[in-house]
Amino acid sequence: MFKHVEPYPGDPILTLNEQFGADPRPGKVNLSIGVYLTEAGKLPAMGSVLAAEAALAQTAGPRPYLPMEGSAVYRHAVRELTFGKGFDGIDRIATAQTLGGSGALKVGADFIARYFPQARVWASDPTWDNHHSIFAGAGLTVEKYPYYDAATSQVDFRAMLAALELLPAGDVVLLHACCHNPTGADLDDEQWRELAQLVKRRGLLPFFDMAYQGFGRGVEEDAFAIRHFAQEGIALFAATSFSKNFSLYGERCGSLSIACGDAGQAANVLGQLKATIRRNYSSPPTHGARIIERILTDGELRAGWQAELDGMRARVAAMRTALHQALCASMPDGDFSYLGKQTGMFSYTGLTAMQVAAMREESAVYLVGTGRLCLAALTAASVPVVAQAMVKAIKTPLTK
């Protein structure tokens, strides 16, 4: 019956994580998957999360199904986190709780495939690999627009604008709200303003993916693009993930918000999001959502969470600086200035697939094949190991 089913080649990132787990070598370093680790190399259990969980345990009770769209308290709290507490158009935002950021992208992709079936989805070149899989898997055509300039390690903004200027009205533009994955190259506020005017003039539909809010410039600052577009009255999608900034990876907490023209449209859109969710997984889980809504609605817990997140962002920045210094010391004639130009959890190193493979095979240092390096998984102890492995790979001629 199943002889025609071909083997799954594996996800390029998750498969690397499995290979790392099976690697018996001591001192191995995993910089492939996008997770934040402490200086001890462990996933953190944030104090605010533990405090919220302890408080919830005091009132433990039945665990009924949530509504298809999720917890009302959660949805309100994350909508304010995304669009700002003072946003006066909050009633025209349809928000649904989703299974992480990937679930938000999937629900959004299914919604677009139903109501905008002729639209093409344009993703930055490069982007997170799963963007292509999710939107293409919904039956949509996925194209690329110019984004990253390897020569400057920054956004090629003029090429990006020129490409988007040619798109037909109604096409979807996938945008990273902050901490671009994989490049770490973001637009600045003025560039976001200019892009918003193009999107409005051309009648495009922006779809923001914000998986790292708080890891770029700060919780409020990282939401600038979404908030500015919404304030300009632009219809948009916003997928958010709370895996990284609450360190709740396995709880699969996310949201999908759609900014509409008015409250009536938002009600209709929310209804169809519910129908989309019903066809996928019926309703989201409760535990992680209860923790997040508790933190975001309790002043003391929220202040503690934000302070912890600020500390996490500062540690990533320190690792970025430490790696830059170690690389420059090991290879003074090398150009590692890209580390100072990029932001967020990742660095786009420019290493080739063969150089990345050499680092893995010879030094037990794991990076994604594109050369993306997760700075958030570095520690003071692993920085010199990684720098040495990178320099060795760069200097060693590869013939295979």
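This is a guided tour of a predicted model, moving from the central sheet to the helices beside it, then to salt bridges and a surface patch.

**The sheet**

Begin by showing the strands as a cartoon, and select the seven that form an open sheet of mixed pairing, which run in the order β2-β10-β9-β8-β7-β3-β4. At the edges stand β2 (93-99) and β4 (141-146), and because each has a single partner strand, one side of each is left without a neighbour in the sheet. If you look along the sheet from strand to strand, you will find a twist that averages 25° from one strand to the next.

**Strand β9 and its partners**

Next select residues 236-241, which make up strand β9, together with residues 205-210, which make up strand β8; these two pair in the parallel sense over four bridges. Within this pairing, M210 has T240 of β9 as its bridge partner. Now add residues 253-259, strand β10, which pairs with β9 in the antiparallel sense over six bridges. Here L236 is the residue to click on, since it stands opposite A259 in β10.

Is β9 buried or exposed? Six of the six residues of β9 are buried, so the strand is largely enclosed by the rest of the structure. Show the side chains of β9 to see how they are arranged: L236, A238 and T240 point one way, while F237, A239 and S241 point the other way, and all are buried. In a regular strand, side chains alternate between the two faces of the sheet.

**Helices against the sheet**

Select residues 129-137 to bring up helix α5, which lies across β3 (120-125), β4, β7 (172-176) and β8, and which runs at about 145° to β4. Then move to helix α9, residues 224-231, which packs on the sheet and touches β8 and β9, its direction making about 150° with that of β8.

**Salt bridges**

The structure holds twelve salt bridges, and three of them are visited here, starting with R227 and E220, whose side chains meet with an N to O distance of 2.6 Å. The two partners differ in their surroundings, for R227 is buried, with a relative accessible area of 12%, whereas E220 counts as partly exposed at 37%.

For the next stop, select E194 and R158, which form a salt bridge whose closest N and O atoms are 2.8 Å apart. This pair links distant parts of the chain, with E194 in helix α7 (residues 189-202) and R158 in helix α6 (residues 157-164), 36 residues apart. E194 is partly exposed, with a relative accessible area of 32%, while R158 counts as exposed at 53% relative accessibility.

Continue to E362 and K392, where the closest N and O atoms of the salt bridge are 3.6 Å apart. E362 lies in helix α14 (residues 353-363) and K392 in helix α15 (residues 383-395), so the pair ties together parts that are 30 residues apart in sequence. Both residues are partly exposed, E362 at 44% relative accessibility and K392 with a relative accessible area of 41%.

**A patch on the surface**

Finish by selecting M1, F2 and V5 and turning on the molecular surface, where these residues form a nonpolar patch with about 420 Å² of accessible area together. Among them, F2 is found in the segment before α1 (14-22), and with a relative accessible area of 63%, F2 is exposed.

Definitions and conventions. Residues are numbered from 1 along each chain as its sequence is written. This is a predicted model: local features need pLDDT of at least 70, side-chain atom pairs count only at pLDDT 80 or more; totals for chains, interfaces and linings use all residues. Side-chain values use heavy atoms; hydrogens and water are left out. Patches are made of residues with over 30% relative accessible area and no salt bridge: like charges are joined within 9 Å, nonpolar side chains (Val, Leu, Ile, Met, Phe, Trp, Tyr) within 5 Å. Accessible areas come from the Shrake-Rupley method with a 1.4 Å probe; for residues, only the protein chains shown count as cover. A salt bridge is a side-chain nitrogen of Lys or Arg within 4 Å of a carboxyl oxygen of Asp or Glu. Buried means under 20% relative accessible area, exposed over 50%, partly exposed in between (1.4 Å probe, protein chains only). Two strands pair if DSSP finds at least two bridges between them. Axes are lines fitted to C-alpha atoms, for helices over the stretch in contact, and angles run from 0 to 180 degrees between N-to-C directions. Contact means heavy atoms within 4.5 Å.
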